[in-house]
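Trainee: I'm new to this one, so please pick a single part and take me through it slowly. I'd like the surroundings first and the details after that.

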Amino acid sequence: MKTLKQVACGETAKVKKLNGEGPVKRRIMDMGITKGVDVFVRKVAPLGDPVEITVRGYELSVRKADAEMILVE
């Protein structure tokens, strides 16, 4: 499996697992990123941080450190 950070711009991936503990994992889940949801990578900043994604019909920017905690398929 790969992380959300490794997904190329313009690709869609399905979330398989969330790593992280406590408040960090809860914050990711509160943004709508949960197991089984499809995530479309819209843009990646020139230095790779942040990653702009579309999840559940809305746009979201995710830091590189948080994107590494999201395992996708």
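Mentor: Let's look at the sheet, starting with the chain as a whole and then going strand by strand.

A little housekeeping first. This is a predicted model, where local features need pLDDT of at least 70 and side-chain atom pairs count only at pLDDT 80 or more, while totals for chains, interfaces and linings use all residues. Residues are numbered from 1 along each chain as its sequence is written, and side-chain values use heavy atoms, with hydrogens and water left out.

Now the surroundings. The protein chain has 2 helices and 6 strands (DSSP runs numbered from the N terminus: H or I of at least four residues for helices, E of at least two for strands). Reading from the N terminus, the order is β-β-α-β-β-β-α-β. The radius of gyration is 11 Å, close to the 11 Å that the globule rule gives for 73 residues, so the chain is as compact as a globular protein of that length. (That radius is taken over C-alpha atoms, and the rule is 2.2 Å times the number of residues to the power 0.38.) The C-alpha trace spans about 30 × 25 × 20 Å along its principal axes, and 34% of the 73 residues count as buried. Here buried means under 20% relative accessible area, exposed means over 50%, and partly exposed is in between, with a 1.4 Å probe and protein chains only. Take the contacts (heavy atoms within 4.5 Å) between residues at least 6 apart in sequence: 56% of them join residues at least 24 apart.

On to the sheet itself. The 6 strands form an open sheet with antiparallel pairing, in the order β1-β6-β2-β3-β4-β5. Two strands count as paired if DSSP finds at least two bridges between them. β1 (2-3) and β5 (58-62) are at the edges with a single partner strand each, so one side of each has no neighbour in the sheet.

Let's start at the β1 edge. Thr3 lies in this strand, and Thr3 is buried, with a relative accessible area of 14%. Leaving out residues up to four places away in sequence, Thr3 touches Ala67, Glu68, Ile70, Leu71 and Val72.

Next in the order comes β6 (residues 70-72), which is joined to β2 by 3 bridges, with the two running antiparallel. To find this pairing on screen, look for Lys17, whose bridge partner in β6 is Leu71.

From β2 (residues 12-18) we step across to β3 (residues 38-44), and these two pair in the antiparallel sense over 3 bridges. Lys14 has Asp38 as its bridge partner in β3. It's worth pausing on Asp38: this residue is partly exposed, with a relative accessible area of 43%. Not counting residues up to four places away in sequence, Asp38 touches Thr12, Ala13 and Lys14, along with Thr54 and Val55. The C-alpha atoms of Asp38 and Val15 are separated by 6.4 Å, although the two residues are 23 apart along the chain.

β3 also pairs with β4 (residues 51-55), again in the antiparallel sense, this time over 5 bridges. You can trace the match residue by residue: Phe40 has Thr54 as its partner, Val41 has Ile53, and Lys43 has Glu52. The hairpin of these two strands has 6 residues between them, and there Gly48 takes a positive phi near 90 degrees.

What about β4, enclosed or open to the outside? 4 of the 5 residues of β4 are buried, so this strand is largely enclosed by the rest of the structure.

Last comes the other edge. β4 and β5 pair in the antiparallel sense over 5 bridges, and the partner of Glu52 in β5 is Ser61. The hairpin of β4 and β5 has 2 residues between the strands, and Arg56 takes a positive phi near 55 degrees there.

So you can now follow the sheet on screen from β1 through β6, β2, β3 and β4 to β5.
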